[in-house]
Amino acid sequence: MTTQAPPRVDLLLQLADDELVLGWRDSEWTGIAPFLEEDVAFSSIAQTEIGHARAFYELAAAELDTTADELAFDRRPEEYRCAPFVELNLVHDWARSVARRWLYETADALRIAALKASDWPELAGLAAKIEREEAYHALHAGMWHERLTRSPEKGRYADALDKLWPYALGLVEGDQRRLLCEAVGRAEVAAVERGTHVDEWPSLWDEMTMVRRTVPGGTW
Amino acid sequence: MAVWEVFRQEREGAPFQHGGSLDAPDRAFAEAYAKEFYGRRAESVALWVVPRASVLEVDEPYVAPVFDRDYRRVDGYSIKVKLKEAREAVAARSGAVGAGLAPPAEDPAA
């Protein structure tokens, strides 16, 4: 498969890969989240993100004459267009996991708002649909952000936000960076850009694609 | 962490029914979890979320019966016996099999 997709398809792959990989990472909390209710809510959000990924992949697949599954699982690790931000393995660090959710949702809201104005009707329509589901994600991320910001361990949460901020900036480009800075009240720093991958990425890719690679072309 | 009781309404005009309970540290969390557990499949049109501590639990909800007041209860009357007697009376009067299904030939109360 080609690594050089047309710009509008490349944008779709960025969105899809971000949602798939973040959904995957967040699902690593299933069964071990801080308490049962949060376990259900966090897992459900992870699942929704993967659902959004599928919708973006399907749109891209139609352009590239392939399928969503092939795009999601049959590319080489270096072909994925996700931001390093979503690849980070944060399980067992709840403060950072919440910080990532909050930063991601804030950035994603800017991205989705821009996509709604896309001159590609299918993409604009999809963005409007996704935005309705993202409202719950934003509510969830916002309440945790508030709670950890006021908690006795707020230093730990502040530290998590500081550490993740350069990565979060890499989610968006151009004018959206300035808007993201305003939305979270932080100054622009050197971003960890898309196109590079973190050290934990190859093992995550290995796990994600393992079943497909075991039975190439298999269907379930 | 506190326990919250969730009541859900399936459709407009229907009574709210107890859906279950959940653990949440505050109102915002209780609201979010209630939405997640009872609202995300469009199975409720409205939710009431109540801290369990705000529910007035009534101990010993019955008014203790001191005297025998069985006559206040419907199960004090055996409708089965009454029906049996009525059927027998009708059958004895008409003498015909199945006549009990037809209106009585003459109304004894008339």
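These are legends for a handful of close-up views of a predicted model. Residues are numbered from 1 along each chain as its sequence is written, and chains are lettered from A, ligands from 1, in the order in which they are written. Since the model is predicted, local features need pLDDT of at least 70 and side-chain atom pairs count only at pLDDT 80 or more, while totals for chains, interfaces and linings use all residues; side-chain values use heavy atoms, with hydrogens and water left out.

**View 1. The largest nonpolar core and A:Phe56.** Start with the core, which has 83 residues. A nonpolar core here is a set of buried Ala, Val, Leu, Ile, Met, Phe, Trp, Tyr and Cys residues joined through side-chain atoms within 4.5 Å. Buried means under 20% relative accessible area, exposed means over 50%, and partly exposed is in between (1.4 Å probe, protein chains only). The members that touch the most other members are A:Phe56, A:Tyr57, A:Phe85, A:Leu103, A:Trp144, B:Leu22 and B:Tyr33. Leaving out residues up to four places away in sequence, A:Phe56 is in contact (heavy atoms within 4.5 Å) with residues including A:Leu12, A:Leu15, A:Ala16, A:Ile112 and A:Leu123.

**View 2. A:Ala16 in helix α1 of chain A.** Helices (H or I, at least four residues) and strands (E, at least two) are DSSP runs, numbered from the N terminus. This helix takes in residues 7–27. A:Ala16 is buried, at 0% relative accessible area. Neighbours within four places aside, A:Ala16 is in contact with A:Ala53, A:Phe56 and A:Tyr57. Look for A:Leu59 too: A:Ala16 and A:Leu59 sit 43 residues apart in sequence and 9.8 Å apart in space, C-alpha to C-alpha.

**View 3. A:Asp10, also in helix α1 of chain A.** A:Asp10 counts as buried, with 14% relative accessibility. Not counting residues up to four places away in sequence, A:Asp10 touches A:Ala5 and A:Arg81.

**View 4. Helices α1(A) and α5(A) side by side.** Axes are lines fitted to C-alpha atoms, for helices over the stretch in contact, and angles run from 0 to 180 degrees between N-to-C directions. These two axes come within 13 Å and cross at roughly 155 degrees. That makes α1(A) roughly antiparallel to α5(A). For reference, angles under 35 degrees count as roughly parallel, over 145 as roughly antiparallel, 65 to 115 as roughly perpendicular and the rest as oblique. The crossing is left-handed, a label used if the near helix is turned anticlockwise from the far one by less than a right angle, with right-handed used if clockwise. Among the residues that meet are A:Leu15, A:Glu19 and A:Arg25 of α1(A), and A:Arg101, A:Tyr104 and A:Arg111 of α5(A). By class, this contact has five nonpolar, no polar and eight charged residues. Ala, Val, Leu, Ile, Met, Phe, Trp, Tyr, Cys and Pro count as nonpolar, Asp, Glu, Lys and Arg as charged, and the others, Gly among them, as polar.

**View 5. Helix α5(A) against helix α8(A).** Here residues 94–116 meet residues 175–184 of chain A, with axes that come within 10 Å and cross at roughly 135 degrees. That makes α5(A) oblique to α8(A). Their crossing is right-handed. The contact includes A:Trp102, A:Leu103 and A:Leu110 of α5(A), along with A:Leu179, A:Leu180 and A:Val184 of α8(A). Its residues divide into nine nonpolar, two polar and one charged.

**View 6. Where helix α2 of chain A packs on helix α1 of chain B.** The helices cover residues 36–64 and 27–38, their axes are 10 Å apart, and the angle is about 65 degrees. The crossing is left-handed. A:Glu37, A:Glu38, A:Val40, A:Ala41 and A:Ser44 meet B:Tyr33, B:Glu36 and B:Phe37. That contact has four nonpolar, one polar and three charged residues. Also in α2(A) is A:Thr48, buried at 10% relative accessibility, whose contacts beyond four places in sequence are A:Glu133, A:His137 and B:Arg40.

**View 7. Two loop residues with positive phi, A:His92 and B:Ala42.** Most residues other than glycine have a negative phi. A:His92 has phi near 85 degrees and belongs to the loop between α4 and α5 of chain A. B:Ala42, at about 55 degrees, is in the loop between α1 and β3 of chain B. A:His92 is exposed, with 67% relative accessible area, and B:Ala42 is exposed, with 67%.
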